[in-house]
Amino acid sequence: MKMHASSILYEGNLPKTRSLLTLLIGMLIGFCVAELISFMTISEDIKSINTLASNDLHMQQPTKDVGVPTLDVIEHEHPHDNTTLADQLKREVRLLCWVMTNPNNHKKKARHVKRTWGKRCNILLFMSSAADDELPTVKLDVEEGRPNLWRKVKEAFKYVYKHHYNDADWFYKADDDTYAVVENLRYMLYPYSPETPVHFGFKFKPFVKQGYMSGGSGYVLSKEALRRFVVEGIPDPKMCLPGTVINEDIEIGKCMENLNVTAGDSRDVNGRGRMFPFAPEQILIPYKDPNFWYWNYIYYKTDDGLDCCSDNAIAFHYITPNFMYVLDYLIYHLKPFGVLRTERLPAKLKVGEFMPPPKEEPANSNEDSMDDYDRLYTTEQPIEPDAREVDEDKDDIEKELKTEKNLRTTKKPET
């Protein structure tokens, strides 16, 4: 059978033609797949770049509340920490903390107390003249302002006694610019019975024979001290001043003394302070002018430099919101690696018993502190405590005393 030459040529080249066609189709498919992968990769890269750029832009933009953290909860946990003793103290030394604040400070100060040290109390309350669901606050029927401080303190403790007397063993009052190390407060209180009539704080010596506690760093009342204050003291003008005055901490000091509530010693076994009316810097590097009122008011002699303060310090005053977060980090997170301390709880005391006075020991050499010459008149003078314990004008002091006398003789007992 004869075949046309062109047919012979086509059939002979057919396998080659099919192979070439298959190769072209394969290359086309491969190119399309490669383009698709390339497009997906580039898209992801662009998305990542845009995300980074967006984050970088966000970091560069100032917030409305510059310098003050706005996070509700700062997650920074240490799951391997041994908190056995701290957990035991929280169970056995039930602490109610109430914070004196006002509507202007709810967002500026009080909320930062709640987010830092306040959350470690067994019960945390904020006393104000306005309601605030975020904190939340206890709305007291008391006008704000310095002249109403004493009435506000009395109303706050009356509320605490009525609603939480059986929920806690100790009752700590603090300002909204106070920072407290709650675990150390429980440690100081641990040996004492809540049935012992005692209160603790940073002790000043004028005006009250046994001394009174600075309002700024806060003061803590035992359960029995709270009962005496509310049940026996506030209703009796001979025990506690009726009405209201500026110096709430002086007045509660007088009231405690009249009620035979002991002004306790908050120093540690080495005689170092644990509760302070100023910020840490102003205690570690104090203002050394001998005429400064502080040196005439302190009940106990204090040492300079690192010997001023206990390793178990409890409270400081005039702490800004920013510095509250700094202190929280330094105290609860920053640790020197490999340095561990052996800790144990002291023995319990009977009702009415007190810890022995601190041992008088020579101060360590303050090689890591400023010396007196460097410090003299170069350290900024701290501002006066909130309660204005000291008025440089003697006429103001006499006026305040006359006001107190008039209140005692003319006011009816509070109910």
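In the predicted model, helix α7 carries a run of buried residues: Glu248, Asp249, Ile250, Glu251, Ile252, Gly253, Lys254, Cys255 and Met256. The helix spans residues 248-258, and 9 of its 11 residues are buried, so α7 is largely enclosed by the rest of the structure. The buried set includes charged side chains, among them Glu248, Asp249, Glu251 and Lys254. Helix α7 lies across β4, β6 and β9. Its direction is about 25° from that of β9.

Asparagine 260 follows just after α7. This residue sits in the loop that leads from α7 to β10 (262-263). Its phi is positive, about 60°, although the residue is not a glycine. Most residues other than glycine have a negative phi, and most peptide bonds are trans. Asparagine 260 is exposed, with a relative accessible area of 59%, because exposure begins over 50%.

Tyrosine 318 also takes a positive phi of about 60° without being a glycine. The tyrosine belongs to the loop between β11 (315-316) and α10 (321-332). Is tyrosine 318 buried or exposed? Tyrosine 318 is buried: its relative accessible area is 16%, and the cut-off for burial is under 20%.

Helix α6 (residues 223-233) also lies across β4 (170-175), β6 (198-200) and β9 (219-222). It runs at about 90° to β9. Helix α6 packs against helix α4 (residues 149-164) as well. The angle between α4 and α6 is about 115°, and their axes are 10 Å apart. The two helices are therefore roughly perpendicular. Their crossing is left-handed.

Which residues of α4 and α6 meet? From α4 come Trp150, Lys154, Phe157, Lys158, Val160 and Tyr161. From α6 come Leu226, Arg227, Phe229, Val230 and Val231. By class, this contact has 8 nonpolar residues, 3 charged and no polar ones. An α-helix has 3.6 residues a turn, so residues three or four places apart point the same way. In α4, Trp150, Lys154, Phe157 and Tyr161 are among the contact residues.

The strands β4, β6 and β9 beneath these descriptions belong to an open sheet of 7 strands. Its order is β3-β2-β1-β4-β9-β6-β10, and the pairing is mixed. Strands β3 and β10 form the edges, each pairing on one side only.

Strand β2 (residues 123-128) lies between β3 and β1 in that order. Of its 6 residues, 5 are buried, and the strand is mostly covered. Strand β1 (residues 95-100) runs parallel to β2, and 5 bridges join the two. Methionine 100 has methionine 127 of β2 as its bridge partner. On the other pairing, 3 bridges link β2 to β3, again in parallel. There, phenylalanine 126 is bridged to threonine 137 of β3. In a regular strand the side chains alternate between the two faces of the sheet.

The loop between β2 and β3 (137-139) holds proline 136. A cis peptide bond joins leucine 135 to proline 136. Its omega is about -15°.

Across the whole protein there are 12 helices and 11 strands. Buried residues account for 43% of the 415 residues. Among contacts with a separation of 6 or more, 81% link residues 24 or more positions apart.

Methods
Residues are numbered from 1 along each chain as its sequence is written. This is a predicted model: local features need pLDDT of at least 70, side-chain atom pairs count only at pLDDT 80 or more; totals for chains, interfaces and linings use all residues. Side-chain values use heavy atoms; hydrogens and water are left out. Axes are lines fitted to C-alpha atoms, for helices over the stretch in contact, and angles run from 0 to 180 degrees between N-to-C directions. Helices (H or I, at least four residues) and strands (E, at least two) are DSSP runs, numbered from the N terminus. Angles under 35 degrees count as roughly parallel, over 145 as roughly antiparallel, 65 to 115 as roughly perpendicular and the rest as oblique. A crossing is left-handed if the near helix is turned anticlockwise from the far one by less than a right angle, and right-handed if clockwise. Contact means heavy atoms within 4.5 Å. Buried means under 20% relative accessible area, exposed over 50%, partly exposed in between (1.4 Å probe, protein chains only). Two strands pair if DSSP finds at least two bridges between them.
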